[in-house]
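Here is a short briefing to read alongside the sequence and the 3D view. Take a look, then follow the bullets by topic.

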Amino acid sequence: MINRLKLLSTLFDHLVNSDTSAGRCVTCLHPSAFNGLCAPCRSDLPRNRLHCDICALPLAFSGPVRRCGECLTQPPAFTRSLIPWRYQFPVDSMIGRYKYNGQRKFARPLLSDFSDYLEHTLSDGERPELLIPAPMHWRRRWQRGFNQSQDIAEYLGRRLEIPVNSQAVQRKRQVRAQRGLNRAARLTNLNKVFEVCQAIPERVAIVDDVVTTGATTRALAGALTKAGAREIQIWALARTPG
Ligand SMILES: [Zn+2]
Ligand SMILES: [Zn+2]
């Protein structure tokens, strides 16, 4: 079964990457696609409609104050997260193929729609002065061949005409995977991981592909606040449920 699935997946990759797939939907291969997705697949993308206004954590119900428990008790250093999708099928597999296999065409529809979403959502006064990709440790970058956060930031920077600085913050050491650690262990794990090494403006956006626990963005925003940022937004493609 696994082998058959693998074969199907390889066949699918081959079809998506072949020249004849130009203009096809990356998730169902339908021939009439716009920016890599057909209309039904685009409307089926898992939108993150109901979420915490600060960290974009998906919420199960709506209330007068849309804040998750963590943002209510311990507000982070950032003010707002713009994250249009939930990390569910097919967004998770599209991001996975882009990030781990370097297949950029799976990210193209998400990047294009994300850029339109930002364009419509942000007023002139809310536009960041600088985009800062979530830094990756050099060893991981070397293993993967590229930093997807930097790639996303550069695309958005070009589309929205906002400068990108991927040298402003360095990730000083590798950390253990955040998943499975409790809150205290996550914060210790990330303590002093980020070093801001250049002057940054007051209004910035941190750009990442997926926000999982939120501990990384909290630590990064904390370091940027210490370096003088006053209004920090988080921009990411997708948010996991917790
Ligand atoms: Zn489709
Ligand atoms: Zn929150």
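Which residue forms a salt bridge with Glu 231? The partner is Arg 203, and the closest N and O atoms are 3.5 Å apart. Please keep in mind that this is a predicted model. The notes below cover a zinc site and several charged pairs.

**The zinc site**
- Four sulfur donors coordinate the zinc ion (ligand 2): the SG atoms of Cys 52, Cys 55, Cys 68 and Cys 71, at 2.3 to 2.4 Å.
- The arrangement is tetrahedral because the angles subtended by the four donor atoms run from 102 to 118°.
- Along the sequence, the donor residues follow the spacing C-x2-C-x12-C-x2-C.
- Cys 55 sits in the loop between α2 (39-44) and α3 (69-73) while Cys 71 is in helix α3, so this pair ties together parts 16 residues apart in sequence.
- Cys 55 is buried at 8% relative accessible area, and Cys 71 is buried at 4%.

**Salt bridges**
- The whole structure contains nine salt bridges, and three of them are described here.
- Arg 42 and Asp 113 meet through their side chains at 2.7 Å, N to O.
- Arg 42 belongs to helix α2 and Asp 113 to helix α5 (residues 108-121), so the pair connects parts 71 residues apart in sequence.
- Asp 113 counts as buried, with 13% relative accessibility.
- Asp 53 pairs with Arg 66, with the closest N and O atoms 3.6 Å apart; both residues lie in the loop between α2 and α3, 13 residues apart.
- Asp 53 is partly exposed at 32% relative accessibility, as is Arg 66 at 24%.

**Back to the opening pair**
- Glu 231 forms its salt bridge with Arg 203; Glu 231 lies in strand β7 (residues 231-239) and Arg 203 in strand β6 (residues 203-211), so parts 28 residues apart in sequence are tied together.
- Glu 231 is partly exposed at 29% relative accessibility, and Arg 203 is partly exposed at 22%.

Note on methods
Residues are numbered from 1 along each chain as its sequence is written. Chains are lettered from A and ligands numbered from 1 in the order in which they are written. This is a predicted model: local features need pLDDT of at least 70, side-chain atom pairs count only at pLDDT 80 or more; totals for chains, interfaces and linings use all residues. Side-chain values use heavy atoms; hydrogens and water are left out. Donors are N, O and S atoms within 2.8 Å of the metal (3.2 Å for Na, K and Ca); water is not among the atoms, so sites may look incomplete. Four donors count as tetrahedral if all angles lie between 85 and 135 degrees; four count as square planar and six as octahedral if opposite donors are over 155 degrees apart and all others between 65 and 115; anything else is irregular. Helices (H or I, at least four residues) and strands (E, at least two) are DSSP runs, numbered from the N terminus. Buried means under 20% relative accessible area, exposed over 50%, partly exposed in between (1.4 Å probe, protein chains only). A salt bridge is a side-chain nitrogen of Lys or Arg within 4 Å of a carboxyl oxygen of Asp or Glu.
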